[in-house]
Amino acid sequence: LFRSKQIYALMYFYIIRFRKLNICIHYLTQNEKVNSRFHAKNEFIVGNCISLDNISNNYDNDYYFKKYESKTIVFVGRFSIHHKGLDILLENIKHNRDRIIANKIKYNLFGPESLEKEKLKKYVIKNNLSFISFFPEIYGKKKIQAFRSAMFCVLSSRFEGFPMSVLESSATGTPHILSKGTNLQEMMLRDNFGIVHNIDYI
């Protein structure tokens, strides 16, 4: 999928240059703009957003106690191993396996079926990581409920634009475990709303 996107982008921008079209490029973050291979005379930055109409933000102490009692960490997204840093995540989990088991922590990973998802499942079985469970993709109320019942939302991406899962989980009062590549780690640390996912281990 990532390679096909690269090929499409090269073809697209080649056509634009060949025809000398006047275009404007939209970036999700400053980091995405700086690291992009493609630029235009007109560029702007606007991040993703979500609607809060159906997400209550009236959370009391009981709500947070239940979240931490669940000891569940969730991932919601595509099972793109390199892009989402899922190889790093599982390697770190394997490295800390005994501590995770001792503290009864569970990982629930939600996302569509794919060959990469099957590869991750095999890795989990091979390394006896029985506290990791895989589920189909979820939307709407089911996704909000998954975030609400989680202790943390994890995203270990090597690179992102402005990830929706972080915005949605934030709206449910769920703190994060984020890598620098998510582009939101700095904001998370500024607001003291989670912990750093260390990718220097590998």
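The chain has an accessible surface of about 12800 Å², and 56% of that surface belongs to carbon and sulfur atoms. The model is a predicted one. Of the 202 residues in the chain, 41% are buried. The secondary structure consists of 9 helices and 8 strands. When contacts between residues at least 6 apart in sequence are counted, 62% of them join residues at least 24 apart.

**The sheet**

An open sheet is formed by 6 strands, in the order β5-β4-β3-β6-β7-β8, with parallel pairing. Its edge strands are β5 and β8 (194-196), each of which pairs on one side only. On average, neighbouring strands of this sheet are turned by 25 degrees against each other, direction ignored. Strands of a sheet pair through backbone hydrogen bonds, in either a parallel or an antiparallel way. Here β4 and β5 run parallel and are joined by 4 bridges. In one of these pairings, Y107 has I132 of β5 as its bridge partner.

Strand β4 (residues 106-110) also holds N108. Is N108 buried or exposed? With a relative accessible area of 17%, N108 is under the 20% limit and therefore counts as buried. Leaving aside residues up to four places away in sequence, N108 touches T72, I73, V74, F75, S133 and F135.

**Helix α4 and its surroundings**

The buried residues of α4 are L86, I88, L89, L90, N92 and I93. They pack against strands β3 (72-76), β4, β5 (132-135) and β6 (152-155), and against helices α5 (97-102) and α6.

Two packed helices are described by the distance between their axes and the angle between them. For α4 (residues 86-95) and α6 (residues 115-126), the axes come within 11 Å and cross at roughly 10 degrees. Angles under 35 degrees count as roughly parallel, so α4 is roughly parallel to α6.

Which residues of α4 meet L120, Y123 and V124 in α6? On the α4 side they are L86, L90, E91 and K94. The residues of this contact divide into 5 nonpolar, no polar and 2 charged. An α-helix has 3.6 residues a turn, so residues three or four places apart point the same way. L86 and L90 belong both to this contact and to the buried residues of α4.

**Two loop residues with positive phi**

K104 is not a glycine, yet its phi is positive, at about 55 degrees. N128, likewise a residue other than glycine, has a positive phi near 55 degrees. K104 lies in the loop between α5 and β4, and N128 in the loop between α6 and β5. The table sets out phi, place and accessibility for these residues.

| Residue | Phi | Loop | Relative accessibility |
|---|---|---|---|
| K104 | about 55 degrees | between α5 and β4 | 65% |
| N128 | near 55 degrees | between α6 and β5 | 46% |

How exposed is K104? Its relative accessibility is 65%, and exposed means over 50%, so K104 counts as exposed. N128 has a relative accessible area of 46%, which falls between the 20% and 50% limits, so N128 is partly exposed.

The loop of K104 leads to β4, the strand that holds the buried N108. The loop of N128 leads to β5, an edge strand of the sheet.

Terms used. Residues are numbered from 1 along each chain as its sequence is written. This is a predicted model: local features need pLDDT of at least 70, side-chain atom pairs count only at pLDDT 80 or more; totals for chains, interfaces and linings use all residues. Side-chain values use heavy atoms; hydrogens and water are left out. Axes are lines fitted to C-alpha atoms, for helices over the stretch in contact, and angles run from 0 to 180 degrees between N-to-C directions. Angles under 35 degrees count as roughly parallel, over 145 as roughly antiparallel, 65 to 115 as roughly perpendicular and the rest as oblique. Contact means heavy atoms within 4.5 Å. Ala, Val, Leu, Ile, Met, Phe, Trp, Tyr, Cys and Pro count as nonpolar, Asp, Glu, Lys and Arg as charged, and the others, Gly among them, as polar. Buried means under 20% relative accessible area, exposed over 50%, partly exposed in between (1.4 Å probe, protein chains only). Two strands pair if DSSP finds at least two bridges between them. Accessible areas come from the Shrake-Rupley method with a 1.4 Å probe; for residues, only the protein chains shown count as cover.
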